[in-house]
Amino acid sequence: MSALGFPDGELDGLEIERSTDFAGVPDSFQRLWTPHRMAYIQDGQDPAADACPFCVGPTMDDEKSLIVARGEHAFVVMNLYPYNSGHLLVCPYRHVAMYDEATEDEVLEIAHLTQTAMRVLREVSNVDGFNIGMNQGRLAGAGIAGHLHQHIVPRWQFDANFFPIIAKTKAFPSLLGETRQALADAWPRD
């Protein structure tokens with residue numbers, strides 16, 4: 001059996017495509033190169049607690065870790081792999097996997113930060129609507145199942161939803177750092 005799970009010899013004579021063969025070659029997919037995702041791919045979706053980005057991020061500078069705002073029990077961070085511009089995550093500081101494991105204080109602050117994030121996104125980005133939710137557990141689609149996080153995805157009336165389907169492209173009008181700075185600057189100060 002080969003490393004790919006095919007019977008020995010079945011792949012003899014076939015050439016394996018390599019990503020370097022496609023750089024700069026136009027095709028119907030118009031591939032977007034994202035080498036920064038290799039660490040995510042190699043380490044798997046659920047890193048050890050000492051490597052969890054939601055645990056490590058708060059120990060770093062807000063600009064470097066893309067943190068928009070900090071509370072006492074939870075914080076708001078840009079999603080490194082956003083569905084839309086301004087896609088935020090609200091995470092408790094404590095490494096806890098499931099919503100029903102969060103303390104009452106964590107739940108209340110996650111809710112408060114989510115409401116504030118919605119107001120700030122409306123102010124900064126003229127958002128028309130939101131998708132808000134949590135994927136609980138790997139089978140439910142949680143990218144990092146070991147650390148609770150709530151998604152806040154801004155939506156606009158004329159989202160380019162057809163881009164990923166028709167053009168196989170996702171458009172982001174601003175860089176994560178620029179968006180983080182605009183949201184952090186607009187975040188209300190207590």
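**Figure 1. Environment of the buried residue E109 in the predicted model.** E109 is buried but takes part in no salt bridge. The nearest side chain of opposite charge belongs to R70, at a distance of 11 Å. E109 is located in helix α4, which spans residues 104–125. Apart from neighbours within four places in sequence, the residues in contact with E109 are G71, E72, H73 and A74.

**Figure 2. Salt bridge between R70 and D62.** R70, the nearest side chain of opposite charge to E109, is paired with D62 through a salt bridge, with an N to O distance of 2.6 Å. R70 has a relative accessibility of 36% and therefore counts as partly exposed. D62 also counts as partly exposed, because its relative accessibility, 26%, lies between the limits of 20% and 50%. A search of the whole structure finds two salt bridges.

**Figure 3. Salt bridge between R94 and E106.** The closest N and O atoms of R94 and E106 are 2.9 Å apart. R94 lies in the loop between β3 (88–92) and α4, whereas E106 is in helix α4, so the pair ties together parts that are twelve residues apart in sequence. R94 counts as partly exposed, at 37% relative accessibility. E106, at 5% relative accessibility, counts as buried.

**Figure 4. Two glutamates of helix α4, E106 and E109.** E106 is buried and forms a salt bridge with R94. E109 is likewise buried, yet E109 has no salt bridge.

Definitions and conventions. Residues numbered from 1 in each chain as written. Predicted model: local features only at pLDDT ≥ 70, side-chain atom pairs only at ≥ 80, totals over all residues. Heavy atoms only, no water. Helix = DSSP H or I, 4+ residues; strand = E, 2+ residues; numbered from the N terminus. Buried < 20%, exposed > 50% of the residue type's maximum accessible area, 1.4 Å probe, protein only. Lys, Arg positive; Asp, Glu negative; His and termini not counted. Salt bridge = Lys/Arg side-chain N within 4 Å of Asp/Glu carboxyl O. Contact = heavy atoms within 4.5 Å.
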